[in-house]
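Visitor: Got a minute to walk me through this fold?
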Amino acid sequence: MAVGEKKTTLDLYDNPFYYEVAFSFRDIGREVDFFERCLRKFSKIKVKKVLDIGCGPSPYMLELAKRGYAFAGLDLSKAMLEYSLKKARKAGVKIKTIHADMRSFKTREKFDFAFCMLGSIAIESNMDFLSHLDSVAGCLRSGGLYLIDASINFDWTSIGSQSWTVIKN
Ligand SMILES: C[S@@+](CC[C@H](N)C(=O)[O-])C[C@H]1O[C@@H](n2cnc3c(N)ncnc32)[C@H](O)[C@@H]1O
């Protein structure tokens, strides 16, 4: 569970399949087009290795792999990381997973681009945010871009009371 999140009957982060269905309304191709536009405009380096922070079931992974990027996903939920690995294996794609807390982490290798999507910045204090930014800076090559999608502002106090319907296929 994320910081400050209340326990609900079904913890979505322990159930990657349901999470993936619930958030499958996105147009991933167009979002990755947007990543690439940002990279062309702001990145100072050529991008090969990308890090998805709070990756969940890694919805961007296959599209990024298709476009030639090497993908790594970081998440606090082991269930999400295992699900991402399984999905990658099934598609014949090699990825890396990092089990870590985004508030403070170190990675063995450096990345060229990091992103955190769908309001997944699970941070509640300035101190944690600064520590998060230091962690991201530490794992990026100099000149690499960090993209934060803050377009969804989760209301942590109402988690569990929001509902919508998505039917797979
Ligand atoms: C809203 S989901 C987003 C998943 C994915 N980025 C997407 O676009 O669908 C948030 C993810 O962040 C992870 N998460 C929450 N708190 C975290 C933390 N402190 N460190 C790392 N991951 C965390 C959760 O396990 C979950 O998989």
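Visitor: Which strands does helix α4 lie across?
Guide: Helix α4 (residues 78–91) lies across β2 and β3, at about 175° to β3. Helices (H or I, at least four residues) and strands (E, at least two) are DSSP runs numbered from the N terminus. Angles run from 0 to 180 degrees between N-to-C directions, with axes fitted to C-alpha atoms, for helices over the stretch in contact; contact means heavy atoms within 4.5 Å.
Visitor: Before I trust that, what are the ground rules?
Guide: This is a predicted model: local features need pLDDT of at least 70, side-chain atom pairs count only at pLDDT 80 or more, and totals for chains, interfaces and linings use all residues. Residues are numbered from 1 along each chain as its sequence is written, and side-chain values use heavy atoms, leaving out hydrogens and water.
Visitor: OK, what's the strand order in the sheet?
Guide: The order is β3-β2-β1-β4-β5, an open sheet of 5 strands with parallel pairing. Two strands pair if DSSP finds at least two bridges between them.
Visitor: And which strands stand at the edges?
Guide: β3 (96–99) and β5 do; each has a single partner strand, so one side of each lacks a neighbour in the sheet.
Visitor: Switching to H132: buried or exposed?
Guide: H132 is buried, because its relative accessible area is 0%. Buried means under 20%, exposed over 50%, partly exposed in between (1.4 Å probe, protein chains only).
Visitor: What is H132 in contact with?
Guide: H132, in helix α5, is in contact with I53, M102, R103, F105, I121, I123 and Y146, leaving aside neighbours within four places in sequence.
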